[in-house]
Amino acid sequence: MTNAAYAIENRERENMPFTRRHIGPSQSEISTMLKSMGFSSLDELVSKTVPSQIRAKQPLELPEGLSETEALVVIRKIADKNEVRRSLIGMGYSGTITPTVILRNILENPGWYTQYTPYQAEIAQGRLEALLNFQTMICDFTGFEISNASLLDEATAAAEAMTMCHRATGSEAKNTFFISKNAHPQTIAVVKTRALPLGIDVEVGDELNFSADQKYFGVYLQYPDTFGEIRDYSQLCNDVHSVGALVVVGTDLAALALLTPPAEFGADIAVGNSQRFGVPFGFGGPHAGFISCSEKYKRTMPGRLVGVSKDSSGKPALRLAMQTREQHIRREKATSNICTAQVLLAIMASMYCVYHGPSGIRRISNRIFRYTALLAEVLKAAGLVVENSNWFDTLTVAVDKKTRSDILVRAEKAGFNLRQDISDSLGVSLDETVTEDELKAIIEIFTAQKIVTISTEEKSLPSEFSRKSEFLTHAVFNKYHSETEFLRYVTRLQSRDLSLANSMIPLGSCTMKLNATSEMIPVTWPEFANIHPFAPLPQAKGYTELITGLEQMLCKVTGFDAVSLQPNAGSQGEYAGLLAIRGFHQANNETERDICLIPLSAHGTNPASAIMAGMKVVGVKCDQNGNIDLADLKEKAEANKAKLAALMITYPSTHGVFEESIKDICQVIHDNGGQVYLDGANMNALVGISYPAKFGADVCHLNLHKTFCIPHGGGGPGVGPIGVKKHLAPYMPGHFHGLSDLKGGAVSAAPWGSAAILPIPWMYIQMMGGQGLQEATEIAILNANYIAKRLEPHYPVLYTGANGLVAHECILDLRSFKQAGIEVEDVAKRLMDYGFHAPTISWPVAGTMMIEPTESESLYELDRFCEAMIAIRQEIAAVEGGTADKENNVLKNAPHTAEVVISDSWERPYSRELAAYPVSSLRDYKFWPAVGRIDNAYGDRNLICTCGSVEEFE
């Protein structure tokens, strides 16, 4: 190609609308698919699929989409409005250095960030190992036997710990949770929000004056506390235990490298934030919270838990453990509504420890402590009053009004942020990023005196606080300290995980669409990454503009009047939406309204969230077509008219169809005094063609990690904002930092939740534009119907709408194969041999597969998946017809690892070729499962949730 021709082609590519990059099928492929289904246009297909009464009459009021280059220029200007200062505010957030090998090869790597929650563990061994490392790390630092694979943030972890304590020891008489006034203020706020609808009494006080009483079921302490003080809590733990209550300790991982672990002084549960282990501030998130506890409380622990089991060859293999306690199984009886958490950030934090090892972590923590001790000495020598008796990284300095003003003026001039919310004092918190020159500058800020040299004298904590036990002793934390070895370890783990970089992930209700590189680029810019969540708001003008703009765009997309971006997961969005409804009813003196109607087909988070919001769940039947039974709904709404609070409904339904009666359903609820909560999990089928607020919803949560392209990260992060109508707007989540005008309680630690990843949906909407968003919805519907049509001769499509069409996903019925001994799980595992992640299995109907291809998959990939499913149907037919053994066949033995296929021993009644290369295309590229089929029951019976040697496992 000549240089001129190359330049012309590049210009053409640059001028191509982003929609053509995001949407998988080309125009000719769209025409081919439509023709195969008997439609002449997308509009004809959509008009036959979406009920006319909810179709949008006008296009989205959004501007034309920008090119990728144009959008990056615009967001660059927005980012530049943020003022990045050296934030020494503390309050649970610290400056950190992200090792560049982690930044480039994990955070910025689609092989890590486009994975899904590891339900199909055989093709998720890499991230499961990284999460097991995280759990081991947390257990090592806190001293407990068991940890989960992350929570949403520290404050949420504290709220979860409170309800854990209540489940373990609470009763009608034992209903008070004590929380230290020295805990982080955001933690106190979130705990209060969680406690109120559950009827739990929260008492905030000074733990030094705490008097043990039978009314307490739990006590929360901060160690070190929010002002930097370190106390010996061993006797207090004994006192709390004497009245049958439990102790929760909020703590700091870097401090625990030097301090006695909570488990060793008598605590029962530890929570905190792993942010300072290599994850930037991000204006509040996302960060991986953590929770660890004694083994006896393992079955009440919320969230995901990675455990060790064995595969079909007897080799150790990892999987999600004890899932029977989770919301998708136990629904309203679940330990929590938490669905996924912060996997990508937990992996970063665990890799930070792998990278540094125990000696590196100890060295970093010692340096932080030494600098803090030197600062304290100099401040005291200068006549300032340091209020701390003991400290790790944070000092609280008493100042009069003039001194305070002078210090803040000098800090402003030098570009530092100090903590200012403490009356008559200022706070300063050091971290690993503080250099010697910066320490000199900090001293000058406080004393107005220049200092030439910094003492090199080593400092030690008082012996009563010093850690005696070892940590990070497992080999994984002691092997990979050269970048060469570390990079190979990271790459080795990545190679064991199937992500969108390998193939489509057709999980129903999960919307695994393209996470475009241009959308991801701004996330790691310092102007977004390095803003402390409690930095003065004038320093975050760029974030303010971005957040306001995104809220306005989401209002346009949904038809709602206001949006809150605080919920940092879909589960938190559900919870926040129900709390807004609760607040509205209470403001109208209708406190008796506590009945929440929920279809029996709903996702388990719905009933779990309703219980957390203080509501009682009443189930609503579905008819044989998968729609809500309108007669049953009317009966239950009218029977509970005086107490009806809300209906939770997913639309399109969890069965993958547009219910024709949605407006009637909403009207029934309104006629009986309730509010309609719409679960926005399936918003990818609505954008641009229907507005939830206009067909009757009062509040709706959105999954920005589904519909609006934030990647799933292997199980988090996510953002679950809520859109509300005007009458509910005052009851959206508030926060002491910037959102104090709202009446709702805080549901996340930071006011705008996981703010650092909000540039992703902002970029997506800006580049797609109104027309592009609508087209994406239409193609999502097209792709789902194409798959349904192509596979229907082989697998019955369980539910369809009025015209025999599905929405953006379809459910295949595999239940009849059970007669031949073939389970839906067998098909799921066999798909791995074909290089695919299975669709969602056995939800919302047992024995089925729910497929959602999204708009981002091309016709080539759709056909490749369909061909795999058709070939598997032929394999099932061989079992049904008796030509394949009922127990020893390619489905029952799937997945097949490379090790099994090339082994000297092959005693199976089918060929190695059929096992490994069932279709010819796999010879060009094949993703091999890392392990054989995993024994889930064995893993739960023999629970191991930390790293151990193979010998220990055996």
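Student: Which residue follows α21, and is its phi positive or negative?

Tutor: Gly 559 comes after α21, and its phi is positive, near 90°. This is a predicted model, in which local features need pLDDT of at least 70, side-chain atom pairs count only at pLDDT 80 or more, and totals for chains, interfaces and linings use all residues. Residues are numbered from 1 along each chain as its sequence is written, while side-chain values use heavy atoms and leave out hydrogens and water.

Student: What makes α21 a helix?

Tutor: A helix is a DSSP run of H or I with at least four residues; a strand is a run of E with at least two; both are numbered from the N terminus. Helix α21 covers residues 541-558, which is 18 residues.

Student: How do you know what span to expect for α21?

Tutor: The rule is 1.5 Å times one less than the number of residues. For α21 that gives 26 Å, and the first and last C-alpha atoms are 26 Å apart.

Student: Why are residues such as Leu 546 in α21 called buried?

Tutor: Buried means under 20% relative accessible area, exposed means over 50%, and partly exposed lies in between (1.4 Å probe, protein chains only). Leu 546 is buried, as are others in α21, including Tyr 543, Glu 551, Met 553 and Cys 555. Their cover includes α5 (68-79), α20 (526-529), β15 (562-564), β20 (699-702) and α26 (759-791).

Student: How do you know whether α10 has the expected span?

Tutor: Helix α10 (residues 185-198) has 14 residues, so it should span 20 Å; its end C-alpha atoms are 21 Å apart, which agrees. Its buried residues include Gln 186, Val 190, Arg 194 and Pro 197. Among the elements covering them are α9 (154-169), β3 (176-180) and β4 (201-205). Just after α10, Gly 199 takes a positive phi of about 75°.

Student: What is notable about phi at Leu 472 and Ser 842?

Tutor: Most residues other than glycine have a negative phi, and most peptide bonds are trans. Leu 472 is not a glycine, yet its phi is positive, about 50°. Ser 842 also has a positive phi, near 55°.

Student: Why do Leu 472 and Ser 842 get separate burial labels?

Tutor: Leu 472 has 0% relative accessibility, so it counts as buried. Ser 842 has 34%, so it is partly exposed. Leu 472 sits in the loop between α16 (436-447) and α17 (476-479). Ser 842 sits in the loop between β23 (840-841) and β24 (848-851).

Student: Where are there cis peptide bonds?

Tutor: One runs from Tyr 223 to Pro 224, with omega near -10°. Another joins Tyr 651 and Pro 652, with omega about -10°. Pro 224 lies in the loop between β5 (216-223) and α11 (234-242). Pro 652 lies in the loop between β18 (644-650) and α25 (662-671).

Student: What makes a set of residues a nonpolar core?

Tutor: The members are buried Ala, Val, Leu, Ile, Met, Phe, Trp, Tyr and Cys residues, joined through side-chain atoms within 4.5 Å. The largest here has 270 residues, and Met 137, Phe 141 and Met 351 touch the most other members. Helix α14 (residues 343-381) gives the most to this core, with 21 residues. A second, separate core of 33 residues includes Ala 158, Val 191, Ile 200 and Tyr 297.

Student: What does Phe 141 touch?

Tutor: Contact means heavy atoms within 4.5 Å. Beyond four places in sequence, the residues touched by Phe 141 include Leu 253, Phe 277, Cys 353, Arg 467 and Leu 472.

Student: Why are β22 and β23 called edge strands?

Tutor: Two strands pair if DSSP finds at least two bridges between them. The open sheet has the order β22-β24-β23, with antiparallel pairing. β22 (810-813) and β23 each have a single partner strand, so one side of each has no neighbour in the sheet. β22 and β24 pair over four bridges. Leu 812 stands opposite Met 849 in β24.

Student: How do you know whether the chain fits the rule for a compact globule?

Tutor: The radius of gyration is taken over C-alpha atoms, and the globule rule is 2.2 Å times the number of residues to the power 0.38. For 954 residues the rule gives a value near 30 Å; the chain has 28 Å, which agrees. Of those residues, 64% count as buried. The chain comes to 32 helices and 24 strands.
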